[in-house]
Amino acid sequence: VSVCHVVILENAHMTHRYRAMAFAEMECLVCLTGIPAYEIIVWCWRTGTKLVSHPTGIVCQDLAIRCSVSMPIGVTLLAKYERETVFQLWQVNICSKLCLLSKTEIINGGLDANTFVSAFSWSPEGTLMVSDTNGNLYQVKEETQSYLKVFSWPYRLREGGTVITTNCLWWKGGVVMSGPNGFIQFIKRVGNSEFQPGWCITNQGALLVMCVNRARDTLVGWSQNSSLVHLVGTDQSASLEDIKFYGAAIRLFSYIHPVDDHFATISTLGALDIWEKRTGALMGSMQVTGGYVLDMKCNPHIPYLALGRSDGILQIVATSEGEPYQLSELHLCSEELTGVTFSPKGTLIVVASYKIGRIFVTQGLVGTGHRVNVLNHLLSNWTIMDMLVISPAKDQNKLLVLVNSEMVDSPTGNQLNVYTLPRLEMECSVMLPTAYYDLVHNGQSLMALPYISRQIHFWHLRQDEETEEIEVTKTLTSGHQIRRFHVHTHGSHMVTFGWDGLIFLRRKENLETFCILEAHHRFDYGVKYAIVDRTGEYILSLGKEGNFVCSKVLVECGHTKNEHKIDSVNESYFSKKQIKSTSAIITTKTWLETQIQQKLNLEAAVAAPDIKLIVA
């Protein structure tokens, strides 16, 4: 899918606040404006020319518009008030360079008493159909400016049931109507003004919004439970199927490394979905049961995900041809696992409960049916703000933990603790010159983000026999307009994103910016999280408003293909196999409780001879 800019439709004499718009034939775009004029305007969208405008005479904020696909162009306007609606029919006539607008206001003749128009739809040949608030369907007779009832809603509301706004749309030679009691009825046309009821869906809820692709006879809608659905049916039967899409309800996401052709998302309902980044196609899905997923990271070199959950379980999930499945899981503790990170080579997984400073180190290479082994554990009793694993030398890993040592509720850390891995022995602890909230490493330099600042600080960790301190060697201005932003690095690239809605894409080796985009608006508090793939071609971003966006970068990053090259992955390592039952993998006790019990048993065994002598 490619998108290109065509034209800006702008009135030189007046700034309009548009309330509704609809495309029509002959390259027309028909718009309804709000304060102050409340006009109907016809634009030629290809050239940006204003063809004609006329006051509607309606002062209303809730306006709906729809155009016919026949000639001359029919335009219907519906203004919705609290206890009534105003329904207008406009006609657009285009001849040579002239464009004329004429209005017909349809009176309520023919409508049932105590009801009014709630929705309308055009047939392909130009027949206008409307529905009222009671679910009745009418055909508009233009010659008499009145309504002819062609279908009466046959279903009664349940006692005490809620009345739902009716909706209708032309589809496959008839009208699909979402009625006042939530049923969806198909009414098929059998003559010029004759209609017969067809199938009815009674158990899947109402459709609040409907849209049809006439070229493919495809109807989609937004259901009452806030899901996107597709109508699958014939003249005799039909049903609604949920459409999986990644535009909303996403909390966490991550690329599937090392290839990065797919990415994983965690929804608000706990679904783990795998998507194809170029097309947005859903490849596979699984439900995460039990605890709430609080953090998700992918191994940098092997395609599996590590999930930290609210029930203290570390869950390992792999994908086989896009289908996610569980490799293993380990119940570490009873506290929430709020942070997960990998070592640069992916050989270690570090999991932490940030609130109390409990840290676990587990092995990073796991296979189908294998259990994850814990290598070490530490309880620091410091609130963790962020953590990062670096490899300053070959086959050497260090864990950097940013903590808040002041025991106050704060989003920042004032102390850096350095631990050796996998033993978790403290190497040093350094008080920081200012408050920080993010740690970053680009393979050569250690960086951090100071609180309420637009800057990035470069650190030098000085360790000798006499002193242990952090020295700020360089300061880089981020370019963000608001003093709150975050950083993510992957491969040869780095992205910074923040409350201003801007995403800066940089080369990781020198932090030079080569692309800036605005996928989310600062009025909605900007970007919550963003990541980049290994080639720097696609950016995934989640806005604070809840919208999830995949953006394609059209600017070359400047790296060669060899710099983006990856080692081949042995897919057979993750071939899906039968694994042990859940009861064989998960025990009733956590790993931490088991270790405490083993320690107590060992102490009891050592003390047993002495106790025996005392008793004797």
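A residue is called buried when its relative accessible area is under 20%. That cut-off is needed for one residue discussed further on, and it also applies to the whole of this predicted model. Buried residues make up 48% of the 616 residues in the protein chain.

The overall picture comes before the details. The protein chain contains two helices and 46 strands. Its C-alpha trace spans about 110 × 65 × 45 Å along the principal axes. The accessible surface of the chain comes to about 31000 Å², and carbon and sulfur atoms account for 51% of that surface. If one takes the contacts between residues at least 6 apart in sequence, 44% of them join residues at least 24 apart.

One sheet can be followed strand by strand. It is an open sheet of four strands in the order β13-β14-β15-β16, and the pairing is antiparallel. At its edges are β13 (167-170) and β16 (195-201), each of which pairs on one side only. From one strand to the next, the twist averages 20°.

Start at the edge strand β13. It pairs with β14 (residues 174-178) in the antiparallel sense, over four bridges. Within this pairing, cysteine 168 has methionine 177 in β14 as its bridge partner.

The next step leads from β14 to β15 (residues 184-189); these strands run antiparallel and are joined by five bridges. Here serine 178 stands opposite isoleucine 184 in β15. The two strands form a hairpin with five residues between them, and in the turn glycine 182 has a positive phi of about 95°.

The last step leads from β15 to β16. Five bridges join these antiparallel strands, and a hairpin connects them through five residues. Isoleucine 184 appears again in this pairing, where it stands opposite isoleucine 201 in β16.

Further along the chain, glutamate 276 is worth a separate look. This residue belongs to strand β23 (residues 271-276). Is glutamate 276 buried or exposed? It counts as buried, because its relative accessibility is 15% and the cut-off for buried is under 20%.

What surrounds glutamate 276 can also be listed. Apart from neighbours within four places in sequence, glutamate 276 is in contact with Asp261, His262, Phe263, Ala281 and Met283. In addition, a polar atom of the glutamate 276 side chain lies 2.8 Å from the backbone nitrogen of arginine 278.

Terms used:
Residues numbered from 1 in each chain as written. Predicted model: local features only at pLDDT ≥ 70, side-chain atom pairs only at ≥ 80, totals over all residues. Heavy atoms only, no water. Pairing = 2+ DSSP bridges. Axes fitted to C-alpha atoms, helices over the stretch in contact; angles between N-to-C directions. Buried < 20%, exposed > 50% of the residue type's maximum accessible area, 1.4 Å probe, protein only. Polar contact = N/O pair within 3.5 Å; in protein donor to acceptor, adjacent residues only side chain to side chain. Contact = heavy atoms within 4.5 Å. Areas by Shrake-Rupley, 256 points an atom, 1.4 Å probe, with all protein chains shown as cover.
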